[in-house]
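Biologist: Please take a close look at one part of this predicted model and describe it in connected terms for someone who works at the bench. I would like to follow its neighbours outward into the rest of the fold.

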Amino acid sequence: MIRLQGGLRQFRRVIPPPDAPVRVEAVGKPELALETGDISEGGMELLLPEPPPVRVGDELSLVLKLPGEPALRVTAEVRHMDRMRVGVAFVDLPGSGREAIRRYVARVTHGSSWWQRLRELWQD
């Protein structure tokens, strides 16, 4: 587990690098242009170019396209949001999907120190 201020985070969360982006499509909501802020086995942050047409508690059907993995269809619940970001938790993620995300997180974090990732974040 990853320790956070005031609690524990269950899964390691990564910010997709430019050379290995996670593509996301909202099924039935073509007006939602989604970009991934971060991802973990438990959920993800979605970045939006305009205020989202969703509310906390809404469920979204998403298609995740991880580099080197087959597309995953998942159901995610909106847990928190602000003007341009939406945090979702996966509520219907098959075991194969969890394994695919776990492999992706491992690939992104392998060979990259915490300080290197922090510097990359500040440069963006």
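Modeller: Leaving aside residues up to four places away in sequence, Thr109 touches Arg12 and Val14. Thr109 has its place in helix α1, and its C-alpha atom lies 9.6 Å from that of Arg12, although the two residues are 97 positions apart in sequence. Within its own part of the chain, a polar atom of the Thr109 side chain lies 3.4 Å from the backbone oxygen of Ala106. Thr109 counts as partly exposed because its relative accessibility is 25%, and the range for that class runs between the 20% limit for buried and the 50% limit for exposed.

The helix that holds Thr109 also contains Arg102, and α1 spans residues 95-109. Arg102 is likewise placed in the partly exposed class, since its relative accessibility is 36%. The C-alpha atom of Arg102 is 7.6 Å from that of Ser40, a residue 62 positions away along the chain.

Helix α1 also contributes to the interior. The largest nonpolar core has 29 residues, and α1 supplies the largest share of this core, with 5 residues. At least two core residues each come from β3, β5 (43-47), β6, β7, β8 (85-92) and α1. The residues with the most contacts inside the core are Ile39, Met44, Leu62, Leu64 and Ile101. Leu64 shows how such contacts reach across the sequence: beyond four places away, Leu64 touches Arg23, Val24, Ile39, Met44, Pro70, Ala71, Leu72, Val74, Phe90 and Ile101.

From the core one can turn to the sheet. Six strands form an open sheet in the order β3-β6-β7-β8-β5-β4, with antiparallel pairing. Its edges are β3 (23-26) and β4 (35-39), each of which pairs on one side only. On average, neighbouring strands of this sheet are turned by 40° against each other, direction ignored. In general, the strands of a sheet pair through backbone hydrogen bonds.

Two of the pairings in this sheet can be followed residue by residue. Strand β6 (residues 59-65) runs antiparallel to β7 (residues 72-81), and 6 bridges link them. Leu62 stands opposite Val74 in β7, while the partner of Val63 in that strand is Arg73. As a rule, side chains in a regular strand alternate between the two faces of the sheet. These two strands form a hairpin with 6 residues between them, and Gly68 in the turn has a positive phi of about 80°. On its other side in the sheet order, β7 lies beside β8, to which it is joined in the antiparallel sense by 6 bridges. Here His80 stands opposite Gly87, and the hairpin formed by β7 and β8 has 3 residues between its strands.

Seen as a whole, the chain has 2 helices and 8 strands, and along the sequence these follow the pattern β-β-β-β-β-β-β-β-α-α. Of its 124 residues, 37% are buried. Among contacts with a separation of 6 or more, 53% join residues 24 or more positions apart. The chain exposes about 7,800 Å², and carbon and sulfur atoms supply 51% of that area.

Notes:
Residues numbered from 1 in each chain as written. Predicted model: local features only at pLDDT ≥ 70, side-chain atom pairs only at ≥ 80, totals over all residues. Heavy atoms only, no water. Pairing = 2+ DSSP bridges. Helix = DSSP H or I, 4+ residues; strand = E, 2+ residues; numbered from the N terminus. Axes fitted to C-alpha atoms, helices over the stretch in contact; angles between N-to-C directions. Buried < 20%, exposed > 50% of the residue type's maximum accessible area, 1.4 Å probe, protein only. Core = buried A, V, L, I, M, F, W, Y, C linked by side-chain atoms within 4.5 Å. Contact = heavy atoms within 4.5 Å. Areas by Shrake-Rupley, 256 points an atom, 1.4 Å probe, with all protein chains shown as cover. Polar contact = N/O pair within 3.5 Å; in protein donor to acceptor, adjacent residues only side chain to side chain.
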